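This report walks through one chain, topic by topic. Keep the sequence and the coordinates open while reading.

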Amino acid sequence: MGGHAPRSGRAPRDPSPPDRTPEPDAARPPSGSRSAQEPPPLPGLRLDPAGHRNQGAVLSAALRRVLDITQAGMGNVQLAEGGRLRMEKHVGLSRDFTGFFAFVEGPTTSCAQAAETRRQVTVRDVATAEVFDEDSRRTILLAGSRACHSVPLVNRAGVPLGMISSHHERPLVGFTRAQLDVLESTGAMVGRWLSWHRHTVVRDALAHLHTHARTLG
């Protein structure tokens, strides 16, 4: 991963925990709604039937999948919002880390580079990698991460809608071609699901709120 808001706009000291983000109802929606469309398939993710429509469940399963492939014990998921990446899920990372990287923008980190290039980025050794500024490097090292790998979650047009990063306790040699191919396909699969979710479940929820507000007004 790697990345933080510019020093003039560092993340708030007490950001809301990522997992508090409210989820739209995961139950099957009415047939006339956008959400009635079947979500894209998610082969390889361990999900129960209801989880296929729930963003929190899908992102947690996707993070587990990436950590399994990269054989890492730490990692995080970020979602793209307004030109920056927002921390959404994390495993094994310290509070200082998740607070510092609650919002990420700027080019001085690996996850920002992966978003910009729309390609996976591997940092083999955080201690010596030139990509990081010193505040980011220190925060990552203090969290126990010596290496990281970022996987963009892209829609069909190749636009990153999010990022999954694994963090490793020791420097990395790299990954095999087979591992990178599976990670790439996972990023594309989850990116297509996020696109479906935004255009169906989220829009239906907003339409419902708008209708409710009009009846009250």
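## Cysteines

Is Cys111 buried or exposed? Cys111 is buried, with a relative accessible area of 0%. Note that this is a predicted model.

The count of disulfides comes to 0. Cys111 is in no disulfide, and the nearest cysteine sulfur, that of Cys148, is 8.1 Å away. Why does Cys148 not bond to Cys111? A disulfide needs two cysteine sulfur atoms within 2.5 Å. The sulfur of Cys148 is 8.1 Å from its closest cysteine sulfur, in Cys111, and this is too far for a bond. Cys148 is also buried, at 0% relative accessibility.

## Strand pairing

Strand E1 covers residues 74–81 and strand E2 covers residues 84–91. The two run antiparallel and are joined by 7 bridges. One bridge pairs Gly75 with Val91 in E2. The hairpin of E1 and E2 has 2 residues between the strands. In this hairpin, Gly82 takes a positive phi near 60°.

E2 also pairs with strand E3, residues 103–104. Here 2 bridges join the strands, again in an antiparallel arrangement. Leu85 has Val104 in E3 as its bridge partner. In a regular strand, side chains alternate between the two faces of the sheet.

## Aromatic cluster

The count of aromatic pairs comes to 3. One of them joins Phe97 and Phe101. Their ring centres are 4.7 Å apart, the planes make an angle of 55°, and the pair is tilted. What geometry do Phe100 and Phe101 adopt? Their centres lie 4.9 Å apart and their planes are at 80°, so this pair is edge-to-face. The cut-off for that class is an angle over 60 degrees.

Ring pairs link Phe97, Phe100 and Phe101 into a cluster. How accessible is Phe97? Phe97 has 0% relative accessibility and counts as buried. Phe101 is likewise buried, at 0%. Phe100 has 11% relative accessibility. Phe100 still counts as buried, because the limit is under 20% relative accessible area.

## Helix H4

Helix H4 spans residues 134–142. Which residues of H4 are buried? They are Asp135, Ser136, Arg137, Thr139 and Ile140. These buried residues pack against helix H2 (95–100) and strand E6 (160–168).

Both ends of H4 have local detail. At its start, a side-chain oxygen of Asp133 reaches to within 3.3 Å of the backbone nitrogen of Asp135. Just after H4, Gly144 takes a positive phi of about 95°.

## Salt bridges

The structure holds 8 salt bridges. Side chains of opposite charge can pair when their charged atoms come close. One of the bridges joins Arg146 and Asp125, at 2.9 Å from N to O. What does this pair tie together? Arg146 lies in the loop between H4 and strand E5 (147–154), and Asp125 in the loop between E4 and H4, so the pair ties together parts that are 21 residues apart in sequence. Strand E4 itself covers 121–123. Arg146 is partly exposed, at 30% relative accessibility. Leaving out residues up to four places away in sequence, Asp125 touches Arg146 and Pro171.

Two further bridges sit within helices. In H4, the side chains of Asp135 and Arg138 meet at 2.7 Å, N to O. These residues are 3 apart in the helix, so about one helical turn separates them. Asp135 is buried, with a relative accessible area of 15%, whereas Arg138 is partly exposed, at 46%. In helix H5 (residues 177–199), Asp181 and Arg177 are 4 residues apart, which again means about one helical turn. Their side chains meet at 3.1 Å, N to O. Asp181 is partly exposed, at 38% relative accessibility. Arg177 is exposed, with a relative accessible area of 53%.

Which residues form a network of salt bridges? Glu81, Arg86 and Glu88 are linked in this way. Glu81 falls within E1 (residues 74–81), and Arg86 and Glu88 fall within E2 (residues 84–91).

Definitions and conventions: Residues numbered from 1 in each chain as written. Predicted model: local features only at pLDDT ≥ 70, side-chain atom pairs only at ≥ 80, totals over all residues. Heavy atoms only, no water. Buried < 20%, exposed > 50% of the residue type's maximum accessible area, 1.4 Å probe, protein only. Contact = heavy atoms within 4.5 Å. Polar contact = N/O pair within 3.5 Å; in protein donor to acceptor, adjacent residues only side chain to side chain. Phe/Tyr/Trp six-rings, centres within 6.5 Å; stacked < 30°, edge-to-face > 60°. Pairing = 2+ DSSP bridges. Salt bridge = Lys/Arg side-chain N within 4 Å of Asp/Glu carboxyl O.
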